[in-house]
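This report describes the ligand site and selected backbone features of one protein structure. The pocket is treated before the ligand and the backbone.

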Amino acid sequence: MKEEEKISVSPVTPTFPEKLHVGRPNLGDRDRFLARVGDMFDRNWLTNNGPLVQELEQKLAEMLGVRHCIALCNATIALEITARALGLHGEVIVPSFTFVATAHSLQWQGITPVFADIDRKTQTLDPASVERMITPRTTGIIGVHVWGRPCHVEALQEIADRRNLKLIYDAAHAFGCSHGGKMIGRFGNAEVFSFHATKFFNTFEGGAVTTNDDELAEKIRLMKNFGFSGYDNVIYIGTNGKMTEICAAMGLTCLESLDNVIEINRRNYRSYIQGLAGLPGLHPVVYDEAEKCNFQYIVFEVDEAVAGISRDKLVEVLHSHNVMARRYFYPGCHRMEPYRSYFPHSHLLLPNTERLSETVMSLPNGTSVGVTEVGKICQIIRRAILGNV
Ligand SMILES: *Cc1c(COP(=O)(O)O)cnc(C)c1O
């Protein structure tokens, strides 16, 4: 009774006893995972296209409605291999508003990433900007389904077809999401997923390429295994991009609780939206609930002129209460090395990227976040914006 009174009379901003991070893993069932690991020990088959990797590939292909799914060691290598298998060279158009691996996967192999701007509303590649960046050296486009919200896939496909360019999607955020009722994974020449521990669905480290192109799938399978086609027979240049059995065991286990994770993510997402509704200058990234979504990313744009507090200051306040909000994607690939030195004036062509990388923040979500925590986080943000009301 007394405690309640105290709270209502003199509210204190809640602080979490331990740091609450963005991207804590969504773990599957421990016993199911350990049972799979037990079987793996019995088989003594740890990697090289083992039964767990094959089962995972099959399940994923089925779930996404795509002919081929090739499991790989991570999404960065998957992007590198896909770009190479598609014969990309010269210049490839990418957004700067993405995780730096999208650009690195190209630069790493001597392909120049050319940054196009994003659509202010969807935060994904702006087709008009893509079109402006095309030169005679351009061979492809990589779109990123940022936050799991699909790119302008029809417009990008139209450009790719008309200009004879390959089209890849970095779908690292978009596992379990759909566009026009079709699962992400079926668009462009190929799509690349990340199953990193911080992603919605994880295999510790891991990734996959999905495609309906038989020839491309075969090339990627060769490339991820040193170009081996059977014993002693190397027919292609390759690297080591294989997924291990223990990673596939984690993936198969996490798949079993995917619906539950989505349910928790959606519940948290709705609590955040509700808890922060009506705050001046705070704009949520909203999901189209008519489509399939993973609801993994809780993202807000902070308009300082209206909110009276900058994104950076708000993130600082959250950190001081142990809520480890993140500035995504800050500062944008074009302001990171080596791209900043290569293209010192690129920011002039990227006004929406510049603005969003200064105003977007991401909040904790996933199975380790409960509604009580969401409520407290909303309270911290409300106070930061409205003052000590
Ligand atoms: C996480 C991520 C990657 C890299 O994935 P890894 O599996 O860690 O290599 C690439 N692109 C985007 C957009 C990402 O979020």
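In this predicted model, the largest pocket holds about 770 Å³ of space. Its lining consists of 37 residues, and those closest to the pocket centre are Phe 99, His 173, Thr 198, Lys 199 and Tyr 328. Two or more lining residues come from each of the elements α4, α5, β9 (190–194), β14 (326–327) and β15 (360–363). Among these, α4 makes the greatest contribution, with three residues. Sorted by class, the lining comprises 18 nonpolar, 14 polar and five charged residues.

The ligand occupies the space of this largest pocket. Two elements, α4 (75–85) and α5 (101–107), each supply two or more residues to the shell around the ligand. That shell divides into five nonpolar, eight polar and two charged residues. The shell numbers 15 residues, of which Ala 75, Thr 76, Asp 170, Ser 194 and Lys 199 come nearest to the ligand. Lys 199 is thus named both among the residues nearest the ligand and among those closest to the centre of the pocket.

Three of these residues have N or O atoms at the following distances from atoms of the ligand.

| Residue | Atom of the residue | Atom of the ligand | Distance |
|---|---|---|---|
| Ala 75 | backbone N or O | oxygen | 2.9 Å |
| Asp 170 | side-chain N or O | nitrogen | 2.7 Å |
| Lys 199 | side-chain N or O | oxygen | 3.3 Å |

Taken on its own, the ligand has 380 Å² of accessible area, and the protein covers 92% of that area.

Which backbone features stand apart from the usual geometry? Most residues other than glycine have a negative phi, and most peptide bonds are trans. Two cis peptide bonds can be described here. One joins Tyr 330 and Pro 331, with omega at about 0°. The other links Glu 337 to Pro 338, where omega is about 5°. Pro 331 lies in the loop between β14 and α13 (339–342), and Pro 338 is likewise placed in the loop between β14 and α13. The strand β14 that precedes this loop also gives two or more residues to the lining of the largest pocket.

A further feature concerns phi. Asn 48, a residue other than glycine, has a positive phi, near 65°. Asn 48 is located in the loop between α2 (30–43) and α3 (51–64).

Methods: Residues numbered from 1 in each chain as written. Predicted model: local features only at pLDDT ≥ 70, side-chain atom pairs only at ≥ 80, totals over all residues. Heavy atoms only, no water. Near = heavy atom within 4 Å. Polar contact = N/O pair within 3.5 Å; in protein donor to acceptor, adjacent residues only side chain to side chain. Areas by Shrake-Rupley, 256 points an atom, 1.4 Å probe, with all protein chains shown as cover. 1 Å grid on protein atoms, 1.4 Å probe; cavity = no way out; pocket = protein on both sides within 12 Å on 5 of 7 lines; lining within 4 Å. Sits in = over half its atoms within 2 Å of the grid points. Helix = DSSP H or I, 4+ residues; strand = E, 2+ residues; numbered from the N terminus. Nonpolar A, V, L, I, M, F, W, Y, C, P; charged D, E, K, R; others polar. Points joined across faces, edges and corners; volume = space filled by probe spheres on them.
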